[in-house]
Amino acid sequence: MVQKNGFSLLEMVFAIVIVSLGAATLASSIFKTVQHSHDLLVQQEALNIAQAYTEYLLQQPLATLSTSLPFTQSPPRTAQNVNIDALAAYQISVSALIPITLNGQTGWKFIVNVQHRPTALQVNLTGYQWS
C-alpha cells in the first residue's frame, strides 16, 4: 500500500474556489454596509443643516424675513455669511413666506430644502412664525 501525504491538485483547486467565493461574499457585504453607512451620514448632515437654517430664520423678525426670502445658497453659510466649503455638496433653498391661518391666528410659514447634489437626497423642514 502506498501512503499518500498532502492534498491532490484537484482538492486544492476546490478549496481555493470555495475560499474565493466566501471572500467575495464577505467583501460584497462589507461594501453594502459601508455604502449604507455613508447614505445615513449624508441624510443626518442634511437634516442638521436644515435644522440650523430653520432655527436661525425663526429667530429673525418677520420684517427681516419678508425681505430676505426666498433664497438659494451653495455652499451653506454661517450666520456671519461665511461659506462653509466642507459642505459644498449641499444646496439650501428657502421658500418665500406663505401666509397661513390657524385657529383664527395669522402667521407665516417657510420651507427649508436641503439637497445633497451627488446623491439627490433631499430634506425639507417647515418653519412657522406667528404675527
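This note sets out numbered points on a predicted model.

1. The largest pocket. The largest pocket of the predicted model holds about 390 Å³ of space. Its lining is made up of 18 residues, and those closest to the centre of the pocket are Tyr53, Tyr56, Arg77, Thr78 and Ala79. Three elements each give two or more residues to this lining: helix H1 (9-58), helix H2 (62-68) and strand E1 (71-73). Among them, H1 gives the most, with five residues.

2. Character of the pocket lining. By residue type, the lining of the largest pocket divides into 11 nonpolar residues, six polar residues and one charged residue. As background, rolling a probe the size of a water molecule over the atoms shows where empty space is left.

3. A nonpolar surface patch. Leu9, Val13, Val17 and Leu21 together make a nonpolar patch of about 390 Å² on the surface. One of these residues, Leu21, has its place in helix H1. Leu21 counts as exposed because its relative accessibility is 55%, and the cut-off for that class is over 50%.

4. Ala52 in helix H1. Ala52 also has its place in helix H1. With a relative accessibility of 42%, Ala52 counts as partly exposed, since that class covers values between the limit for buried residues, under 20%, and the limit for exposed residues, over 50%. Ala52 and Phe14 are 38 residues apart along the chain, and their C-alpha atoms are separated by 57 Å.

5. Two cis peptide bonds. As a general matter, most peptide bonds are trans. In this model, the bond from Leu69 to Pro70 is cis, with omega near -5°. A cis peptide bond also joins Ser74 and Pro75, where omega is about 0°. Pro70 is found in the loop between H2 and E1, whereas Pro75 lies in the loop between E1 and strand E2 (90-94).

6. Surroundings of Pro70. The relative accessibility of Pro70 is 54%, and Pro70 therefore counts as exposed. From C-alpha to C-alpha, Pro70 and Glu45 are 22 Å apart in space, with a sequence separation of 25 residues.

7. Positive phi values. In general, most residues other than glycine have a negative phi. Asn103, although not a glycine, has a positive phi of about 50°. Asn103 lies in the loop between E3 and strand E4 (105-116), and Asn103 counts as exposed because its relative accessibility is 77%. Ala120, a residue other than glycine, likewise has a positive phi, near 65°. The place of Ala120 is the loop between E4 and strand E5 (121-130).

8. Pro99 in strand E3. Pro99 belongs to strand E3, which spans residues 98-102. The relative accessible area of Pro99 is 58%, so Pro99 is exposed. Between Pro99 and Phe110 there is a separation of 11 residues in sequence, and the C-alpha to C-alpha distance in space is 9.1 Å.

Definitions and conventions. Residues are numbered from 1 along each chain as its sequence is written. This is a predicted model: local features need pLDDT of at least 70, side-chain atom pairs count only at pLDDT 80 or more; totals for chains, interfaces and linings use all residues. Side-chain values use heavy atoms; hydrogens and water are left out. On a 1 Å grid over the protein atoms alone, a cavity is a set of points where a 1.4 Å probe fits but cannot get out, and a pocket is an open set with protein on both sides within 12 Å along at least five of seven lines; lining residues have an atom within 4 Å of a point. Grid points are joined across faces, edges and corners, and a volume is the space filled by probe spheres set on the points. Helices (H or I, at least four residues) and strands (E, at least two) are DSSP runs, numbered from the N terminus. Ala, Val, Leu, Ile, Met, Phe, Trp, Tyr, Cys and Pro count as nonpolar, Asp, Glu, Lys and Arg as charged, and the others, Gly among them, as polar. Patches are made of residues with over 30% relative accessible area and no salt bridge: like charges are joined within 9 Å, nonpolar side chains (Val, Leu, Ile, Met, Phe, Trp, Tyr) within 5 Å. Accessible areas come from the Shrake-Rupley method with a 1.4 Å probe; for residues, only the protein chains shown count as cover. A salt bridge is a side-chain nitrogen of Lys or Arg within 4 Å of a carboxyl oxygen of Asp or Glu. Buried means under 20% relative accessible area, exposed over 50%, partly exposed in between (1.4 Å probe, protein chains only).
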